[in-house]
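User: Hey, got a minute to walk through a model with me? Pasting it here.
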Amino acid sequence: MALRYEIRSVLIISGTDQLQALFCETGLKDSYAPVVTAHTVGEARRLLVKRCFDIAVVNTPLKDGFGIEAAKDLSADPDMGVLLLVKDAIYEQVAADVEHYGVVTLAKPSSRQAFAAALRMLGAMLSKVRAVERETIDLKSRMEEIKIVNRAKWLLVEQLKMTEPEAHRYIEKQAMDRCVRRREIAAGIIRTYGSEGGSKND
């Protein structure tokens, strides 16, 4: 199976440009791009209005606030991973405070290896979350198809006096003969026979 290669966009919220330089040293520029820097929370919010980012890195303290509350706010977006950098002296306290929000905390000063590892961990978390989201969407779609097909079957039973197995085979055969999904065949049956009947099986 081919590997799914994803490039992550990064928003760095930092009062200085040092974190941008640290990021360049990690060697991750081919996997994480673009990398955009905002120097204040206000500037970051304006950027987020215009576009979405996969990862937000909050380097405390910021010019318009410490940054912890901003990290919590950003974590409300399930499609964005948040990395919070704080001084080593307050790391344990802050990490315990934000971990329930899904924020990853890194003590600083930090080596480029630790910074890169944290970014990769966030990337892995995002991949897992998005895989679950895709599975959930697929499951909902299959459940909806079952619901529609069942309604169509009972309409065939009621309107054409088929047995339930006959109705099932009819839908299956029509779908196979026309090379379409059962859902499409069922939807056509519902349009034809469902104006008066079928509501009891919704």
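User: Let's start with cysteine 179: buried or exposed?
Analyst: Exposed, going by the predicted model. Cysteine 179 has 70% relative accessibility, and the cut-off for exposed is over 50%, so it qualifies.
User: And what about cysteine 52, buried or exposed?
Analyst: Cysteine 52 counts as exposed too, because its relative accessibility is 63%.
User: How many disulfides do you get?
Analyst: Zero disulfides, with the cut-off for a sulfur pair set at within 2.5 Å.
User: OK, switching to the sheet. What's the strand order?
Analyst: It goes 2-1-3-4-5, an open sheet of five strands with parallel pairing. Strand 2 (32-38) and strand 5 (104-108) sit at the edges with a single partner strand each, so one side of each has no neighbour in the sheet. From one strand to the next, the twist averages 20°.
User: How many bridges link strand 4 and strand 5?
Analyst: Five, in the parallel sense, with strand 4 covering residues 81-87. Leucine 84 is opposite threonine 105 of strand 5 there.
User: Which helix lies across those two?
Analyst: Helix 4, residues 91-98, which runs at about 170° to strand 5.
User: Last one: how do helix 1 and helix 5 cross?
Analyst: Helix 1 (residues 18-25) and helix 5 (residues 112-160) have axes that come within 9 Å and cross at roughly 85°. That's in the 65 to 115 range, so they count as roughly perpendicular.
User: Which residues meet there?
Analyst: Leu19, Leu22, Phe23 and Glu25 from helix 1 meet Arg112, Phe115 and Leu119 from helix 5. That contact splits into five nonpolar, no polar and two charged residues.

Methods
Residues numbered from 1 in each chain as written. Predicted model: local features only at pLDDT ≥ 70, side-chain atom pairs only at ≥ 80, totals over all residues. Heavy atoms only, no water. Buried < 20%, exposed > 50% of the residue type's maximum accessible area, 1.4 Å probe, protein only. Pairing = 2+ DSSP bridges. Helix = DSSP H or I, 4+ residues; strand = E, 2+ residues; numbered from the N terminus. Axes fitted to C-alpha atoms, helices over the stretch in contact; angles between N-to-C directions. Contact = heavy atoms within 4.5 Å. Parallel < 35°, antiparallel > 145°, perpendicular 65-115°, else oblique. Nonpolar A, V, L, I, M, F, W, Y, C, P; charged D, E, K, R; others polar.
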